[in-house]
Amino acid sequence: MKHFKSLLLYALMLGLTCSTAFACNPTAKEAPADKKGEIIHLTKAEFLSKVFNYEKNPDKWVYEGNLPCIVDFYADWCGPCKAISPILAELSEQYKGKIIIYKINVDKEKELAGTFGIQSIPSILFIPKNGKPTMSLGAMSKEDFTQNIEKLLLKK
């Protein structure tokens, strides 16, 4: 309960604080596109506001973001997760301003992992701006990631 209160207080403070990263724009939902190679680690509260609020929309997928995204469900101890981490860093730079890459630590965010039925990691969720997300299980090469980004997220 103490952890929940701290998380709630953090989310409230984050929502009330105007940061320069968002140029004091209260409607900004994503990190600025000019941030170089940034991968954003999400908590449940951040996931609900930036990706999908399954509490508010339990029966319908409603993407909350402005750009397509990848969500990497991972754990710090996972070898394949560690192997794809530098690939995701390269892709975040390569597709800067076109997609956003998020990471969710399944050991810290057990509710999120359970909500998405994560039973093996890495599990990669490709979320287009419009349409339904696609889940991919296991580590992928940079070429496989690129192919999925182009096909599923950028519709090329």
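How many disulfides does the count come to in this structure? In this predicted model, the count comes to zero disulfides. A disulfide is a covalent bond between the sulfur atoms of two cysteines. Two cysteines of the chain may nevertheless be placed by their surroundings: C78 is buried, with a relative accessible area of 4%, and C81 is likewise buried, at 2%.

The overall architecture comes next. The protein chain contains five helices and five strands. Read from the N terminus, these elements follow the order α-β-α-β-α-β-α-β-β-α. The chain has 156 residues, of which 41% count as buried. Its exposed surface amounts to about 9,000 Å², and carbon and sulfur atoms supply 57% of that area. When contacts between residues at least 6 apart in sequence are considered, 66% of them join residues at least 24 apart.

The interior may be approached through its nonpolar cores. The largest nonpolar core has 25 residues, and the members that touch the most others are F47, V51, V71, Y102 and I127. Several elements each supply at least two residues of this core, namely α2 (44–50), β2, β3 (100–105), α4 and β4. Strand β2 gives the most, with four residues. A second core, separate from this one, comprises 16 residues, including I87, L88, L91 and F145.

V51 offers a view of the largest core from one of its members. This residue is located in the loop between α2 and β2. V51 is buried because its relative accessible area is 0%, and buried means under 20%. Leaving aside residues up to four places away in sequence, V51 touches L42, E46, V62, Y63, E64, G65, V71, Y102 and I127. Among these partners of V51, V71, Y102 and I127 also belong to the group of core residues that touch the most other members. Along the chain V51 and C69 are 18 residues apart, and their C-alpha atoms are separated by 8.4 Å.

Aromatic side chains add a further layer to the picture. A search of the whole structure finds six aromatic pairs. One of them joins F52 and W61 in a tilted arrangement, with 4.3 Å from centre to centre and 35° between the planes. F52 and W61 are both buried. Another tilted pair is formed by F73 and F116, whose ring centres are 5.6 Å apart and whose planes meet at 40°. This pair links distant parts of the chain: F73 belongs to strand β2 (residues 69–74), whereas F116 lies in the loop between α4 (110–115) and β4 (123–127), 43 residues away. F73 is buried, with a relative accessible area of 0%. Ring pairs also connect F47, F52, Y54, W61, F73 and F116 into a cluster. Within that cluster, F47 is one of the residues that touch the most other members of the largest nonpolar core.

A ring may also face a charge. The charged end of K103 sits over the ring of Y74, at 4.5 Å from the ring centre.

Finally, the backbone holds a feature of its own. Most residues other than glycine have a negative phi, and most peptide bonds are trans. The peptide bond from I121 to P122, by contrast, is cis, with omega near 0°. P122 is situated in the loop between α4 and β4, and F116 of the tilted pair with F73 lies in the loop between these elements as well.

Methods
Residues numbered from 1 in each chain as written. Predicted model: local features only at pLDDT ≥ 70, side-chain atom pairs only at ≥ 80, totals over all residues. Heavy atoms only, no water. Phe/Tyr/Trp six-rings, centres within 6.5 Å; stacked < 30°, edge-to-face > 60°. Buried < 20%, exposed > 50% of the residue type's maximum accessible area, 1.4 Å probe, protein only. Lys NZ or Arg CZ within 6 Å of the ring centre and 35° of its normal. Disulfide = S-S within 2.5 Å. Contact = heavy atoms within 4.5 Å. Areas by Shrake-Rupley, 256 points an atom, 1.4 Å probe, with all protein chains shown as cover. Core = buried A, V, L, I, M, F, W, Y, C linked by side-chain atoms within 4.5 Å.
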